Amino acid sequence: MTMHNKTIAIVGATGAVGQTMLEILAERRVPAANLVALASERSAGSFVDYGEDELLVHDLAGFDPAGVDIALFSAGGDTARRYAPTFAQAGAVVIDNSSAFRHDDDVPLVVSEVNPEAVAKRPRGIIANPNCSTMQLVVALAPIHRAAGIERVNVTTYQSVSGAGGSGLEELGRQTAALLSFQDAEPQTFPVQIAFNLIPQIDAFLDNGYTREEMKVVRETRKILGDDAIRVSATAVRVPVFYGHSEAVSIETREPITADAVRALLRAAPGIEVVDDPAAEEVAKRWPTPVTHASGKDPVYVGRIRQDLSHERGIVLWVVADNIRKGAALNAVQLAELVAAEGRARIES
Ligand code: A2P
């Protein structure tokens, strides 16, 4: 396997995404000796699990990146802006999960099933991993876009707390336990109580009335599908689910396409599992949910595929995926595999 002779740094190894990256690398049996776990100074000296092994965590600030072939960054935008260029200059290919570089023209934004060829065009040695909501959306949209052209997308997201990192997971658990014991839920990571509630704001508001999270979906969808003409509107909502984002998606295509044709296209598409049998006796076959289908799994699950009653070229979908796996860690590892398969992880600049 091509990744097995590369030195891979995991930046943010103690975080929710970083730990899942390690799980996925362990599933792929990448030797522990090839990995370097990095985090902030406060975690240096601790250990993170790696399959049967443990990896010592090093302080990113004092680490010399010389000799690293591929660096998987999931430590936020500020850390990426500060350290990713240094890793790239030292010869590593950086795959960054933050939004720091996603809109830079000279940084490809790549989903392994949608535009894998774009990883090769990385003049700065940096490849960006999309936002988790965009990721699962474009996996479902790409086959439809190729077949019928997408004119417009209207998506509402139902995003789990793990999207806010380890502190989001902790907060939902803590508030749920507190409320069930008749104590107050004290918000820290989220602006108000998230347990038994939902919150129609993720990230800061912008002047146009949308949030930053919503505008990420708009801009990233266009960049990944390579079509600035696609009109996109998003409403991003945080819900009290631990793992797995869901999306209600309304699409208007350029050419007419039936729901049956969309179902067939998606069944044949890589990375997608169609769960769409409303008449099924077994409830798990009717439609996917984050808990029953997506959590801890790799595919993007699509159900509720139907013709939009309100538009002659409209299709409606329900799209569910594990936001930490396909939405972040898995895609990053898949991009690393694409890079490793090139036979040269180092960029000639
Ligand atoms: P640490 O655990 O030492 O704070 P999450 O998204 O789950 O909150 O995780 C964020 C990840 O990014 C953690 O591994 C965290 O390490 C890491 N991180 C945050 N800030 C820095 C920094 N300045 N330098 C290195 N790693 C950082």
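1. A nonpolar core here is a set of buried Ala, Val, Leu, Ile, Met, Phe, Trp, Tyr and Cys residues joined through side-chain atoms within 4.5 Å. The model is predicted. Its largest such core holds 59 residues. Six of them touch the most other members: Phe73, Phe87, Val249, Leu266, Val302 and Leu317. Helix α3 supplies the largest share of this core, with nine residues. In soluble globular proteins, nonpolar side chains tend to be buried together.

2. A second core is separate from that one and has 36 residues. Ala13, Leu25, Leu72 and Val333 are among them.

3. Take Val249 from the largest core. Which residues does Val249 touch, leaving aside those up to four places away in sequence? The list is Leu137, Leu141, Val153, Asn154, Val155, Ile315, Val316, Leu317 and Val319. One of these, Leu317, also ranks with Val249 among the core residues that touch the most other members.

4. Helix α6 spans residues 259-268. Its residues Ala259, Val262, Arg263 and Leu266 are buried. They lie on the same side of α6, because they cover an arc of only 100° around the axis. An α-helix has 3.6 residues a turn, so residues three or four places apart point the same way. Asp260 and Ala268, on the other side of α6, are exposed.

5. What do the buried residues of α6 pack against? Their partners are helix α3 (132-148) and the strands β11 (272-274), β12 (300-307) and β13 (314-321). Leu266, one of the buried residues of α6, is also a member of the largest core.

6. Now the ligand. It is surrounded by 15 residues. The closest are Thr14, Ala16, Ser40, Arg42 and Ser43. A ligand oxygen lies 2.4 Å from a side-chain N or O atom of Ser43. For Arg42, the distance from a ligand oxygen to a side-chain N or O atom is 2.6 Å. Gly166 contributes a polar backbone atom, 3.0 Å from an oxygen of the ligand. Taken alone, the ligand exposes 580 Å², and the protein buries 69% of that.

7. Two backbone angles deserve a look. Arg29 is not a glycine, yet its phi is positive, near 60°. Arg29 sits in the loop between α1 (16-27) and β2 (35-39). Is Arg29 buried or exposed? Its relative accessibility is 68%, so Arg29 counts as exposed.

8. Phe182 also has a positive phi near 60° without being glycine. Its place is the loop between α4 (166-180) and α5 (212-225). Phe182 counts as exposed because its relative accessibility is 80%.

How values were computed:
Residues numbered from 1 in each chain as written. Predicted model: local features only at pLDDT ≥ 70, side-chain atom pairs only at ≥ 80, totals over all residues. Heavy atoms only, no water. Buried < 20%, exposed > 50% of the residue type's maximum accessible area, 1.4 Å probe, protein only. Helix = DSSP H or I, 4+ residues; strand = E, 2+ residues; numbered from the N terminus. Arc of directions from axis to C-beta. Contact = heavy atoms within 4.5 Å. Near = heavy atom within 4 Å. Polar contact = N/O pair within 3.5 Å; in protein donor to acceptor, adjacent residues only side chain to side chain. Areas by Shrake-Rupley, 256 points an atom, 1.4 Å probe, with all protein chains shown as cover.
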